[in-house]
Protein chains: 2
Amino acid sequence: MTDSELEKFKKVLKDENLKLTPQRVEVFREVCNSDEHREAEEIYLALRKRDINVSRSTVYRTMDILYQYDLVQRMDIGDGKWRYEHWLNCHQHDHLICIRCGTIVEFINTQIEGIQKDVAEKFNYQLVRHVHQLFGLCKQCQDTPVSVK
Amino acid sequence: MTDSELEKFKKVLKDENLKLTPQRVEVFREVCNSDEHREAEEIYLALRKRDINVSRSTVYRTMDILYQYDLVQRMDIGDGKWRYEHWLNCHQHDHLICIRCGTIVEFINTQIEGIQKDVAEKFNYQLVRHVHQLFGLCKQCQDTPVSVK
DNA sequence: TCTCATTTGAGATTCAATCTCAATAAGAAC
DNA sequence: GTTCTTATTGAGATTGAATCTCAAATGAGA
């Protein structure tokens with residue numbers, strides 16, 4: 001977490017009349033210090049592992065704030081859990097997801113953005129956001145035989 | 001529900017050693033007879049409304065079978081519920097979703113499919129399926145002012 | 001330092017989906 | 001048609017991520 005990131009977070013809290021608490025800062029720090037796409041529960045456990053006591057409720061609540069004010073990105077791959085990632089490298093990107101091992105890879109394709117704009121325009125939709133996920137088998141899982149139970 | 005659709009369902013059940021029960025047929029019929037993107041609960045209620053008694057459990061279980069054997073399409077728009085739609089017009093399509101009123105519109109864009117293939121190939125993923133959803137405001141919601149609570 | 005609205009933590013609650021299990025029914029064999 | 005075996009059904013219990021509740025604690029402006 002860079003100082004400028006922290007300042008951005010502080011500004012949001014101030015602007016929205018939310019208080020700067022140690023718990024909120026720790027949650028934000030934890031999110032920023034990993035490039036994985038993690039669930040709230042994983043972030044909660046990572047904090048506990050580092051002996052930082054923040055309740056599960058507070059982790060969920062803070063993730064909501066971070067998402068609400070666009071300080072983190074969040075995605076849903078259809079398993080009923082939100083996965084969060086920091087927004088530091090700020091590029092709009094989509095995801096490739098391995099259906100066997102769960103590995104998530106990011107990709108950027110500017111061509112698709114143009115097409116999306118065209119589609120939205122054609123249907124008179126004012127585009128706000130999109131979800132674009134490609135599910136398949138990663139190289140390693142293609143090469144690994146399925147183990148017998 | 002056309003006869004050929006029903007036959008396809010019967011074939012799947014037979015091939016998979018599953019039994020053809022009146023409940024399963026009714027659920028399938030209900031799904032086929034609507035072009036909406038409905039939740040299992042909505043399908044369950046629609047059946048009750050027509051005085052067809054199928055339990056909630058059986059609706060959920062049958063939807064699983066239909067999805068498993070590719071007789072229906074299912075989507076997740078991030079609200080924790082699966083929405084089902086029949087697969088009768090068999091075109092691969094994506095969705096435009098209004099974030100205010102929930103209207104779902106389908107669109108087809110063959111250009112994107114090519115790009116998806118290229119991306120998967122580049123990352124050595126063997127593509128299985130994709131999710132592509134555009135969220136925004138539909139024309140009507142753009143024109144309707146937000147009502148005051 | 002005082003004050004007060006906000007936040008926290010722990011546990012309760014929600015809700016879609018899944019599981020359990022006794023009763024029922026499909027459908028193969030005869 | 002009858003019998004037998006196994007799958008299916010229905011009702012309610014359970015699961016699990018997320019949200020809510022409320023008393024106690026705390027941030028931050030005065």
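Of the atoms of DNA strand C within 4 Å of the protein, what percentage belong to sugar or phosphate? The share is 70%, and bases make up the rest. The model is predicted, so to speak of local features requires pLDDT of at least 70 and to count side-chain atom pairs requires pLDDT 80 or more, while totals for chains, interfaces and linings use all residues. Residues are numbered from 1 along each chain as its sequence is written, chains are lettered from A and ligands numbered from 1 in the order in which they are written, and side-chain values use heavy atoms, with hydrogens and water left out.

DNA strand C is surrounded by 21 residues, of which T21(A), R24(A), T58(A), R61(A) and W82(B) are the closest (near: a heavy atom of the residue within 4 Å of the strand). Six of the residues of this surface are nonpolar, eight polar and seven charged (Ala, Val, Leu, Ile, Met, Phe, Trp, Tyr, Cys and Pro count as nonpolar, Asp, Glu, Lys and Arg as charged, and the others, Gly among them, as polar). α4(B) gives the largest share, four residues (helices are DSSP runs of H or I with at least four residues, numbered from the N terminus). Around the strand, a polar backbone atom of K19(A) sits 3.0 Å from a phosphate oxygen, a polar side-chain atom of Q23(A) 3.0 Å from a sugar or linking oxygen, and a polar side-chain atom of S57(A) 3.1 Å from a base oxygen.

Turning to DNA strand D, 21 residues surround it, the closest being W82(A), T21(B), R24(B), T58(B) and R61(B). Of the strand D atoms that come within 4 Å of the protein, 72% are sugar and phosphate. Here the largest share of the surface, four residues, is supplied by α4(A). Phosphate oxygens of strand D lie 2.6 Å from a side-chain N or O atom of R24(B) and 3.0 Å from one of Y60(A).

Within chain A, α2(A) and α4(A) pack at about 70°, their axes 10 Å apart (axes are lines fitted to C-alpha atoms over the stretch in contact, with angles from 0 to 180 degrees between N-to-C directions). α2(A) is therefore roughly perpendicular to α4(A) (65 to 115 degrees). The residues of this contact comprise seven nonpolar, three polar and one charged.

Finally, 36 residues of chain A are in contact with 36 residues of chain B (heavy atoms within 4.5 Å). The two chains bury about 3200 Å² between them, 66% of it from carbon and sulfur atoms (accessible area lost on being put together, 1.4 Å probe, summed over both parts). On the chain A side, I115(A), Y125(A) and F135(A) lose the most area, together 21% of what that side buries.

Note on methods
Polar contact = N/O pair within 3.5 Å; in protein donor to acceptor, adjacent residues only side chain to side chain. Helix = DSSP H or I, 4+ residues; strand = E, 2+ residues; numbered from the N terminus. Parallel < 35°, antiparallel > 145°, perpendicular 65-115°, else oblique.
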